[in-house]
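Please load the model in your viewer with the chain as a cartoon and the side chains hidden, so that each selection can be switched on in turn.

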Amino acid sequence: GKIKKAIYKFFEVMKELGEEFPDKVDPSLIFSTLTSTKDDLSKYSTEDLLNSPKMTDKRKQWAIILMGSMSPYIFMVTPMLSPMISARIVFLSLRYGLTTESAFGLFMYSYGIGCLLQDIDEGHRWIRTSRLMLERFNATSQYPKLKCVQYAFLIYLKEPFQSITSVLLDCRQETMMVGDIEYAIFSSTWRGQFAVLTGEHLSQVEKECDSLSKDMIRLKQTQSILDNASMHSMALQLIGSSKDPFALSGVSFKDEDEVLEFVEKSGNKAHAISIYTYRVVTACFFQRYEDAAEMIEKYHSKLTKEDFRIHTVIYTFYEGLIAFRTARAQPHVEKWSKIGGRAIRSYQTWAKHSEWNFENKLLLLEAEWLLTKGEYDSAEKKYVASMESAHRHKFVHEEGLAMALMSHYFKSRGDAGKEKEYLDGALACYEKWGAFGLVSHIRGN
């Protein structure tokens with residue numbers, strides 16, 4: 001569990017192997033490094049790359065093996081270093097020849113160029129090549145691991161979220177079959193994240209969270225147990241259960257505040273971002289808008305583009321909704337409209353690549369933006385379009401959320417009949433989602 005010490009030791013060993021990394025990494029260095037790697041790769045066709053010689057330099061082989069082994073933990077703690085690691089693997093592979101780890105380095109590069117620089121098509125271009133690279137080495141035991149990270153970190157920007165949950169469930173079985181327990185647990189954790197954030201029935205999500213905690217303890221793979229416990233906490237609150245997810249996970253924390261304090265002190269950015277996301281999403285559904293705004297003020301400065309993952313996408317959506325609502329309550333504070341505007345621009349980019357995943361969210365953000373500007377008729381049309389899109393793309397929880405916000409809109413307009421109509425529709429969607437605790441809370445208020 002001493003990840004930070006392991007990373008420190010890793011960089012010491014890399015230096016001994018002749019591979020030094022900069023002490024400080026900033027966005028401009030990441031951009032220049034990824035752009036330079038893109039230029040290097042542009043000189044090779046897929047066939048040329050796959051026909052490159054195998055690596056024979058033992059020191060470089062060990063360097064790449066170590067980089068591949070440590071990359072998930074570096075991503076957890078110091079995500080800004082991940083693009084530097086991927087670029088180095090690609091550079092060494094082009095210069096000294098290929099290894100099986102070259103395939104993972106190429107995918108890590110595709111993640112960097114696709115998610116961090118938002119060149120999503122370029123990122124997807126290299127997914128198939130990385131798979132073919134493993135085939136060249138007949139490394140079939142490594143394919144489930146590669147498939148797992150590709151779907152969890154990049155492919156979801158194009159393919160429906162619901163299909164990702166199915167693939168990651170398959171990945172769990174496939175990684176277990178080849179004895180890769182670590183990635184079997186990662187697959188289950190990432191599947192749960194997509195499930196809870198894309199509207200899968202909460203009773204199923206809760207059961208899987210409970211089972212996963214037990215598996216983590218039994219298999220001694222507890223690196224993601226706090227992430228899972230926080231996800232479990234969100235599901236339990238929505239269901240209306242009084243279970244303690246942290247006690248169920250075998251960790252000694254009295255509440256989520258203590259967990260957050262622990263992960264922030266330990267420097268585990270991945271777990272911190274997960275907790276930020278679940279807390280803001282939960283507050284938004286329970287209509288604790290002031291609480292959510294306080295959380296955003298606290299968390300916003302801690303999130304950077306280099307932390308990009310599914311949580312970033314989801315957090316951006318709910319942050320934008322809360323920002324516009326807060327902008328209406330605090331019209332003299334400019335930052336809220338700016339935060340909401342950034343959310344819209346992000347979703348405009350993502351919706352170009354997947355209407356299925358992002359259209360309803362973009363429409364709802366636009367509805368809130370138009371309402372903030374006082375363009376009521378246009379806002380109303382966007383609300384309706386968002387509901388229809390969420391229904392069409394099977395995001396029942398977000399269909400309910402759009403209806404709840406539409407109900408608030410009609411309340412502000414003094415139309416009690418429409419207010420009740422859309423509130424009833426929202427509650428019906430939440431019941432389909434299995435969020436009975438949320439329904440009881442809203443009815444009680």
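The tour below moves from internal cavities to single residues, then to helices and loops.

**Cavities**

Begin with a cavity search over this predicted model, which returns four cavities of 30 Å³ or more across the whole structure. The largest of them holds about 530 Å³ of space, and its lining is made up of 32 residues. To find its middle, select Pro 72, Phe 75, Val 149, Phe 153 and Trp 190, the lining residues that lie nearest the centre. Next colour the helices that each supply at least two residues to this lining, namely H4 (58-77), H5 (82-96), H6 (100-116), H8, H10 (181-197), H15 and H17 (310-329). If you then colour the lining by class, you will find 17 nonpolar residues, eleven polar ones and four charged ones.

The second largest cavity, with about 50 Å³ of space, can be shown by selecting its lining residues Leu 41, Leu 49, Val 90, Ser 93, Leu 94, Leu 98, Ser 102, Leu 106 and Met 133. Two or more residues of this lining come from each of H5 and H6, and H5 gives the most, with three residues. Which classes make up the lining of the second largest cavity? There are seven nonpolar and two polar residues, and no charged residues, in that lining.

**Val 149, beside the centre of the largest cavity**

Select Val 149, which is placed in helix H8 and is one of the residues nearest the centre of the largest cavity. Val 149 has a relative accessible area of 10%, and because buried means under 20%, this residue counts as buried. Show Phe 107, Leu 154, Tyr 183 and Trp 190 as sticks, since these are the contacts of Val 149 once its neighbours within four places in sequence are left aside. For a sense of distance, draw a line from the C-alpha of Val 149 to that of Val 90, which is 59 residues away in sequence and 17 Å away in space; Val 90 is itself among the residues lining the second largest cavity.

**Ser 86, in helix H5**

Move next to Ser 86, which lies in helix H5 and is buried, at 0% relative accessibility. The side chain of Ser 86 reaches the backbone oxygen of Pro 83 at a distance of 2.9 Å. Beyond residues up to four places away in sequence, Ser 86 touches Gly 105, Met 108 and Tyr 109. A line from the C-alpha of Ser 86 to that of Ala 390 spans 36 Å, between residues that are 304 apart along the chain.

**Glu 398, in helix H21**

Ala 390 leads to the next stop, as it is one of the residues that Glu 398 touches. Is Glu 398 buried or exposed? With a relative accessible area of 1%, Glu 398 is buried, and its place is in helix H21 (residues 396-412). Turn on the side chain of Asn 360, which is joined to the side chain of Glu 398 by a polar contact of 2.9 Å. The other residues that Glu 398 touches, not counting those up to four places away in sequence, include Leu 197, Phe 317, Tyr 318 and Lys 361.

**Two enclosed helices**

Select H17, where the 20 residues should span 28 Å at 1.5 Å a residue, and where the end C-alpha atoms are 29 Å apart, in agreement with that expectation. Because 17 of its 20 residues are buried, H17 is largely enclosed by the rest of the structure.

Helix H19 (residues 355-372) has 18 residues and reaches 25 Å from its first C-alpha to its last, close to the expected 26 Å. In H19, 13 of the 18 residues are buried, so this helix too is largely enclosed by the rest of the structure. After H19 comes Gly 374, with a positive phi near 85°.

**Two loop residues with positive phi**

Finish in the loops, first with Asn 138, between helix H7 (120-136) and helix H8 (143-153). Its phi is positive, about 55°, although Asn 138 is not a glycine, and at 61% relative accessibility Asn 138 counts as exposed. Then select Gln 287, in the loop between helix H15 (269-285) and helix H16 (289-299). Gln 287, also a residue other than glycine, has a positive phi near 65° and is partly exposed, with a relative accessible area of 26%.

Terms used: Residues are numbered from 1 along each chain as its sequence is written. This is a predicted model: local features need pLDDT of at least 70, side-chain atom pairs count only at pLDDT 80 or more; totals for chains, interfaces and linings use all residues. Side-chain values use heavy atoms; hydrogens and water are left out. Helices (H or I, at least four residues) and strands (E, at least two) are DSSP runs, numbered from the N terminus. Buried means under 20% relative accessible area, exposed over 50%, partly exposed in between (1.4 Å probe, protein chains only). The expected span of a helix is 1.5 Å times one less than its number of residues. On a 1 Å grid over the protein atoms alone, a cavity is a set of points where a 1.4 Å probe fits but cannot get out, and a pocket is an open set with protein on both sides within 12 Å along at least five of seven lines; lining residues have an atom within 4 Å of a point. Grid points are joined across faces, edges and corners, and a volume is the space filled by probe spheres set on the points. Ala, Val, Leu, Ile, Met, Phe, Trp, Tyr, Cys and Pro count as nonpolar, Asp, Glu, Lys and Arg as charged, and the others, Gly among them, as polar. A polar contact is a pair of N or O atoms within 3.5 Å; within protein, one must be able to donate a hydrogen and the other to accept it, and residues adjacent in sequence count only if both atoms are side-chain atoms. Contact means heavy atoms within 4.5 Å.
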